[in-house]
Amino acid sequence: MRRRSGASVVRRAPARPAAHHATGNGAGDPAWTWDEPRWRAAVNKVRAGRSLKPARWKNGARVCVALSFDSDHETSTLREGSTSPGRLAQGEYGARVGVPRILDLLRRHELHASFFVPGVSAKLHPDEQRRVVAEGHEIGLHGWIHEGTSELTESAERELMRRAFDTLTKASGRPPVGVRVPSWDFSATTLPLIRELGLLYDSSLMADDEPYELVDDGKPTGIVELPVEWIKDDAPYLGMNRATAIRPYTAPSAVRDIFRAEFEGALAEGGLFLLTMHPHIIGHRSRIGMLDELIRYMKGVPGVWFATHEEVARYCKAAAS
Ligand SMILES: [Zn+2]
């Protein structure tokens, strides 16, 4: 809706259209008509600044591994306005089966991880959040109902982010310090809102393999970016949606090999291996077994620092200052 009204504004005033598209990803008019200041401003809005890859990891570790789980649960369905019990049950599996299996696995390996939780998931599953925190894991922001951030006005995005912040603060007993924007759909107004909330880090962008500082319209922000990538995410390989063409197309063993190659690359470069997973996807028997194997392999390598996203962000920021 907003895009359409924005487009009509653009047609009336083509010389200064950018201000009307503060949040949207699409302006409505074709990019080949944009003048240089306009495409340059779009590119420079949120940029990668200095690298925050530390010279050495904690206690001299050779590589850092940060495991994360996005507890989308029922919000993957609700976000689309769907109330299908059939589809909601798939998300319910994430809470009933996926998270307990993940927590058991992490406990067996004595590892801590980060869980990014939409506000609605936290309200639907308060006991889960209490257990996650009690077992020493981090809880970070992941939108309100897994909304598409780029579709929101700035005020709606602010309101939802604050509501999610308050909800997670209550659910986990402490204010979250990091955010993963739902679907990594980082809008042109997300960064100022992250700054308003005083967050330490974001984990939604893809400009590097290593941590870096976010730059807001040319100005360094002090916000740490812990970059993600679809290649280091279970969903593209193992996702399934009955109503669309999305099908699991990769065997768990092949996914393990890809993740392992990413880990080995990080090890060779002395860098960060950050993995994004989803309880309703990775929590199945054949897949949690694959994750177990991967963790056992990584633990067998000398000099691996397993850390939560918060620990990584704090360490990199301190090492850079
Ligand atoms: Zn998600």
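What volume does the largest pocket have? I started my notebook there, keeping in mind that this is a predicted model.

**Entry 1: the pocket**

I looked up the largest pocket and found a volume of about 800 Å³. Its lining counts 37 residues, and Ser 76, Ala 235, Met 240, His 280 and Ile 281 are the closest to the centre. Next I checked which elements give two or more residues to this lining: helix 3, helix 4 (85–109), helix 9 (234–238) and helix 11 (279–282). Helix 4 gives the most, with four residues. By class I noted 12 nonpolar, 16 polar and nine charged residues in the pocket lining.

**Entry 2: the zinc site**

Which residues coordinate the zinc ion? I found Asp 72, entered twice through OD atoms, together with His 142 (NE2) and His 146 (NE2), at 2.0 to 2.5 Å. Along the chain these donors follow the spacing D-x69-H-x3-H. I then placed two of them: Asp 72 sits in the loop between strand 2 (63–70) and helix 3 (75–78), while His 142 sits in the loop between strand 4 (138–141) and helix 7, so this pair ties together parts that are 70 residues apart in sequence. Asp 72 and His 142 are both buried.

Why is the arrangement irregular? The four donor atoms subtend angles of 54 to 139 degrees around the zinc ion, so I put the arrangement down as irregular. For four donors to count as tetrahedral, all angles would have to lie between 85 and 135 degrees.

**Entry 3: the cavity**

I searched the whole structure for cavities of 30 Å³ or more, and one turned up. The largest cavity holds about 110 Å³ of space. It is lined by 13 residues, of which Gly 143, Glu 147, Thr 149, Met 161 and Pro 182 are the closest to its centre. Helix 7 (residues 154–172) gives the most to this lining, with three residues. I sorted the cavity lining into seven nonpolar, four polar and two charged residues.

**Entry 4: aromatic rings**

How many aromatic pairs are there? I get a count of nine. I picked out Phe 116 and Tyr 201, an edge-to-face pair with 6.5 Å centre to centre and 80 degrees between the planes. This pair links distant parts of the chain, with Phe 116 in strand 3 (residues 114–117) and Tyr 201 in strand 6 (residues 201–202), 85 residues apart. Buried or exposed, I wondered, for Phe 116 and Tyr 201? Both Phe 116 and Tyr 201 came out buried. I also jotted down an aromatic cluster formed by Trp 57, Trp 305 and Tyr 315.

Terms used: Residues numbered from 1 in each chain as written. Predicted model: local features only at pLDDT ≥ 70, side-chain atom pairs only at ≥ 80, totals over all residues. Heavy atoms only, no water. 1 Å grid on protein atoms, 1.4 Å probe; cavity = no way out; pocket = protein on both sides within 12 Å on 5 of 7 lines; lining within 4 Å. Points joined across faces, edges and corners; volume = space filled by probe spheres on them. Nonpolar A, V, L, I, M, F, W, Y, C, P; charged D, E, K, R; others polar. Donors = N, O, S within 2.8 Å, 3.2 Å for Na, K, Ca; no water. Tetrahedral: all angles 85-135°; square planar, octahedral: opposite > 155°, others 65-115°. Buried < 20%, exposed > 50% of the residue type's maximum accessible area, 1.4 Å probe, protein only. Phe/Tyr/Trp six-rings, centres within 6.5 Å; stacked < 30°, edge-to-face > 60°.
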